[in-house]
Amino acid sequence: MQERGNAGLQQVAARPTSADESAFDTALLHALRNFNRLDHLSGNPLTQSRLVARQRALNPQQSPAQALRLIISEATTAIGRNPKYQRCEQILRHTYVEPKRRQREVSDALYLSWSSYRRHLREARCMLKAQLWDSECSLLPTPLSRTPRPPLWSPAGIVATSAAILALIVMIMFGIRLSEAYNKPLPVLTIAVARFSSVITPPHNADLSSAITQSVVTSLSQLHDVHVIDLADDPTDPHYHMRTVNGIVRGSIEQMGGALRVDVELINPRDNETCWSDRVTLPRKQLMNLEDRLQMALASALHAVGGQSTTRFDCS
């Protein structure tokens, strides 16, 4: 099995295929499951990869197994730099890099059901594999052209050389522009939603408050480039979110005869100032229409107050 995996990775030098990627995926899964056992990692096919060779060129004192561990750990950390994928990074780290005794403990620590944990684990492994596979393929040597070339200093050779230099300059300029475009961070707003307070007579006030809060969470989750944190379900200290989110949505519910009045406001966590507020009044039987109205109102508020910036809102 190990010889077959080594042969699959060696074939990548010629031309990557789906079979090569499958062998890479199998070897990566073996490396994850034996991450803290260097004796098992030393026989992993990935120790013969170009990624490991490049890492050992930077630090020759590392063994292939140690270099492979460092590559996987750094790739895991890189996934977590995107706020949307921090949970994937936590799952990989606590399952493989810094594992707990049982995977059930990981799901409990991250407040995930067992099925949700398994689904997120598969997604995280796929992300890690895709990142490492792309890095491995990027290290492949460029095939040499077999087209016969004219003598360098002949008229045809001078024209060909000039054209090649011009093409190289254009490619460098295009690569710089493309790199700047890809490195530009995407506008991602992180909004926390606090549980709505209720002044409705029990026993239905708690259920209605939870339903309205969930409607706001659902409305914001459907907006592009908006990451939503439900403070009612998030066990993290709320004061932590005050320092990390771009804004906090909170509100109240009040019954007025047969109608409901919902007050919503967007708070700047930096100074606790209200950036935007709105009031929605509608008959109780039309409660199902509340989510659509809140989505339109909040989308307009985020666009007007937050703009395209990923910093905290400016309420001045």
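The legends below describe an overview and several close-up views of a predicted model.

**Figure 1. Overview of the predicted chain of 316 residues.** The chain contains 12 helices and 6 strands. Of its residues, 36% are buried. Its accessible surface amounts to about 19,500 Å², and carbon and sulfur atoms contribute 54% of that area. Among contacts with a separation of 6 or more, 56% join residues that are 24 or more positions apart. The structure has 8 salt bridges, and some of them appear in the views that follow.

**Figure 2. Crossing of helix 4 and helix 5.** Helix 4 covers residues 50–58 and helix 5 covers residues 64–80. Their axes come within 9 Å and cross at roughly 105°. Angles of 65 to 115 degrees count as roughly perpendicular, and helix 4 and helix 5 are therefore roughly perpendicular to each other. On the helix 4 side, the contact is made by Leu51, Val52, Gln55 and Arg56. Helix 5 contributes Pro64, Ala67, Leu68, Leu70 and Ile71.

**Figure 3. Salt bridge between Arg119 and Glu123 in helix 8.** Helix 8 spans residues 114–138 and holds both partners. Arg119 and Glu123 are 4 residues apart, about one turn of the helix. Their side chains meet with an N to O distance of 3.7 Å. Arg119 has a relative accessibility of 38% and so counts as partly exposed. Glu123, with a relative accessible area of 35%, is partly exposed as well.

**Figure 4. Salt-bridge network of Glu254, Arg261, Asp263 and Arg279.** Arg261 takes part in a salt bridge with Glu254, in which the closest N and O atoms are 2.5 Å apart. A salt bridge also joins Arg261 to Asp263, at 3.9 Å from N to O. Because buried means under 20% relative accessible area, Arg261 counts as buried at 18%. Asp263 is buried too. Glu254 has a relative accessibility of 30% and counts as partly exposed. Arg279 is also linked into the network.

**Figure 5. Surroundings of Val226 in strand 3.** Strand 3 consists of residues 226–230. Val226 has a relative accessibility of 11%, so this residue counts as buried. Apart from neighbours within four places in sequence, Val226 is in contact with Leu189, Ile191, Leu220 and Leu302. The view also includes Lys84, which is 142 residues from Val226 along the chain. The C-alpha atoms of Val226 and Lys84 are separated by 9.5 Å.

**Figure 6. Nonpolar surface patch of Ile165, Ile169 and Met173.** The three residues make a patch of about 290 Å². Ile169 is found in helix 9, which runs over residues 155–183. The relative accessible area of Ile169 is 46%. Since the exposed class begins over 50% and the buried class lies under 20%, Ile169 is partly exposed.

Conventions. Residues numbered from 1 in each chain as written. Predicted model: local features only at pLDDT ≥ 70, side-chain atom pairs only at ≥ 80, totals over all residues. Heavy atoms only, no water. Patch = residues over 30% accessible without salt bridge, like charges linked within 9 Å, V, L, I, M, F, W, Y side chains within 5 Å. Areas by Shrake-Rupley, 256 points an atom, 1.4 Å probe, with all protein chains shown as cover. Salt bridge = Lys/Arg side-chain N within 4 Å of Asp/Glu carboxyl O. Helix = DSSP H or I, 4+ residues; strand = E, 2+ residues; numbered from the N terminus. Buried < 20%, exposed > 50% of the residue type's maximum accessible area, 1.4 Å probe, protein only. Contact = heavy atoms within 4.5 Å. Axes fitted to C-alpha atoms, helices over the stretch in contact; angles between N-to-C directions. Parallel < 35°, antiparallel > 145°, perpendicular 65-115°, else oblique.
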